[in-house]
Amino acid sequence: MSTQPDQSAADSNRDIPVKQIQWNKLTKAPILGIIGGGQLAQMMYQSAISLGIETHLFASVADEAAPKYFKDITRASSDQWTPPELYHFAQKCDVVTFDHELVPPTLVRELEKRGCLMLPNSNTLELSANKANQRIRLSELGLDVPEHQICSTESEVISFGNRVGWPLVIKPSTGGYDGKGVYIVSNQEDFSRIYPDIAPLSPLVIEPFLQIDAEGSVLAVRSGSGECKTYPMVRTIQVDGMCREVVSPSGFSPEILDQADNITLKIAQETNVVGVLAVEFFLSNGRLLVNELAPRPHNTGHLTIEANVTSQFENHLRAVLGLPLGETAMRVPAAAMVNVISGPPGKGTVPLLPAALSVPGASVHLYSKSAKKNRKIGHVTSTANTVEEALATARSAVEKLTELNPDELK
Ligand SMILES: Nc1ncnc2c1ncn2[C@@H]1O[C@H](COP(=O)(O)OP(=O)(O)OP(=O)(O)O)[C@@H](O)[C@H]1O
Ligand SMILES: [Mg+2]
């Protein structure tokens with residue numbers, strides 16, 4: 001679905017000037033800045049090359065993947081990013097976007113005050129980087145979210161557990177990704193054992209352990225003028241709190257698809273996001289619940305590279321660069337994406353690449369990351385006439401990439 005420019009929505013963050021690159025005044029292609037050098041930066045860079053856009057990267061000390069490919073890189077001097085070094089970087093760019101949402105919003109706001117165009121803006125980042133704030137905002141918008149309580153003390157959590165019943169799911173408001181910020185506790189003793197470690201990340205979002213029948217996500221892409229399009233909903237399959245597989249079409253009922261699409265459009269407009277916004281949903285006891293948001297290209301949208309008219313990466317760049325958005329419809333009957341999750345540290349996937357590429361119809365994407373237990377180090381997409389066929393191909397290539405490497409046994 002798509003909506004036309006809506007100036008009132010675009011102006012809703014009134015403290016941040018709504019700016020956009022003025023293409024008719026440019027004499028050369030604008031320079032795109034990306035903060036963070038993970039796989040999303042790597043895949044944005046691939047789209048930037050197609051559009052002929054020069055790209056500068058601001059990489060943290062630990063970033064591994066993307067810095068290998070970029071020509072123009074600013075390296076953070078330490079883990080504590082400072083306004084002067086980020087400002088120095090942002091000044092070289094016409095617009096700056098993000099590989100992840102863990103950049104302190106205060107730093108981003110400081111750059112905005114100095115006239116840098118940061119997209120998504122600091123208000124959107126502030127909301128998305130904090131699960132408690134997200135829940136408050138989503139509830140204010142009248143959307144159905146999982147039953148929860150935002151707690152700041154141990155006793156609040158215990159009384160919530162005693163009221164709704166254990167086990168509980170504990171989510172510190174900041175710092176989580178790939179299920180790493182999600183703790184399941186079976187009883188009060190379990191909770192009290194982990195509480196000292198997670199208390200500094202309070203407030204905590206506390207939920208009952210839900211019966212989740214299915215999970216899915218919808219991506220929206222929205223430009224500064226308010227033009228907004230959504231991608232068809234995908235179904236996601238999680239293992240141990242981490243997304244393992246994504247299929248499209250999702251197979252959900254037309255009512256669910258319609259509801260999820262409308263909710264995503266509403267969130268995109270109300271949060272004034274510019275770029276891609278991912279909305280994660282749970283289907284629980286027949287209800288569609290909004291779990292969380294991410295204002296950036298998302299793991300559940302990687303299959304759009306092969307399966308949709310315009311990939312999420314190209315559309316993210318189009319949006320932040322002030323270009324017309326591309327069509328989001330699927331261009332194949334079905335697609336599947338399977339993540340490559342590494343086992344224990346070892347020599348990694350490189351020697352296994354030829355075997356994976358020998359699987360007909362498998363598109364392999366590797367992130368050039370060292371192997372660590374349960375780390376996403378790549379993904380494989382396949383398109384086919386049915387989801388089952390696509391899934392079988394992608395799984396077969398991933399199996400080859402994660403087979404125990406004989407070199408590691410020596
Ligand atoms: N209340 C709950 N009951 C049961 N399972 C849950 C609950 N909350 C989360 N999960 C499971 O854990 C997964 C990860 O949760 P969530 O998306 O909130 O955390 P995350 O660490 O931000 O994950 P990611 O970065 O992968 O999106 C969910 O996709 C779901 O499978
Ligand atoms: Mg999630």
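P167 sits in the loop between helix 7 (154-164) and strand 7, where helices (H or I, at least four residues) and strands (E, at least two) are DSSP runs numbered from the N terminus. The peptide bond leading into this residue, from W166 to P167, is cis, with omega near 0 degrees. A cis bond also joins L119 to P120, again with omega near 0 degrees, and P120 is found in the loop between helix 4 (105-113) and helix 5 (122-128). Most peptide bonds are trans, and most residues other than glycine have a negative phi.

A word on the ground rules: this is a predicted model, in which local features need pLDDT of at least 70 and side-chain atom pairs count only at pLDDT 80 or more, while totals for chains, interfaces and linings use all residues. Residues are numbered from 1 along each chain as its sequence is written, and chains are lettered from A and ligands numbered from 1 in the order in which they are written.

Two residues stand out for their phi angles. D240, in the loop between strand 12 (234-239) and strand 13, has a positive phi of about 50 degrees although it is not a glycine. D240 counts as exposed because it has 11 C-beta neighbours inside 10 Å; the cut-offs are 20 or more other C-beta atoms within 10 Å for buried, 12 or fewer for exposed, and anything in between for partly exposed, with C-beta atoms placed from the backbone. S368 has a positive phi too, near 60 degrees, and is found in the loop between strand 17 (363-366) and strand 18 (376-384). With 17 C-beta neighbours inside 10 Å, S368 counts as partly exposed.

Zooming out, the protein has 13 helices and 18 strands, and 44% of its 410 residues count as buried. Its C-alpha trace spans about 65 × 55 × 50 Å along the principal axes. The radius of gyration is 21 Å, which agrees with the value near 22 Å for a compact globule of 410 residues; this radius is taken over C-alpha atoms, and the globule rule is 2.2 Å times the number of residues to the power 0.38.

The domain assignment gives domain 1 (2-122), domain 2 (147-208) and domain 3 (214-409), with bounds that come from an automatic or database assignment. The C-alpha centres of domain 1 and domain 3 lie 22 Å apart. Where these two meet, 37 residues of domain 1 are in contact with 28 residues of domain 3, a contact being two C-beta atoms, placed from the backbone, within 7 Å. On the domain 1 side, helix 2 supplies the largest share, ten residues. By class, that side has 19 nonpolar, 14 polar and four charged residues; here Ala, Val, Leu, Ile, Met, Phe, Trp, Tyr, Cys and Pro count as nonpolar, Asp, Glu, Lys and Arg as charged, and the others, Gly among them, as polar.

What about the inside? The largest nonpolar core has 87 residues, and M44, L277, V279, A336 and A394 have the most contacts within it. Such a core is a set of buried Ala, Val, Leu, Ile, Met, Phe, Trp, Tyr and Cys residues joined through C-beta atoms within 7 Å. Strand 16 (residues 334-341) gives this core its largest share, seven residues, and domain 1 and domain 3 each contribute at least three. Apart from this core lies another, of eleven residues, among them I170, Y183, V185 and L204.

Helix 11 (residues 312-320) is largely enclosed by the rest of the structure, because eight of its nine residues are buried. These buried residues pack against several elements, including helix 2, strand 5 and strand 10 (214-222). One residue of helix 11 is A319, which counts as buried with 30 C-beta neighbours inside 10 Å. A319 is 200 residues away from L119 in sequence, yet their C-alpha atoms are 9.0 Å apart in space. Right after helix 11 comes G322, with a positive phi near 75 degrees.

Finally, there is the ligand. Around ligand 1 there are 22 residues, the closest being V169, E207, L210, Q238 and G241; a residue is near a molecule if its C-beta atom, placed from the backbone, lies within 6 Å of it. This shell has nine nonpolar, six polar and seven charged residues. Ligand 1 lies between domain 2 and domain 3, because both give residues to the shell.
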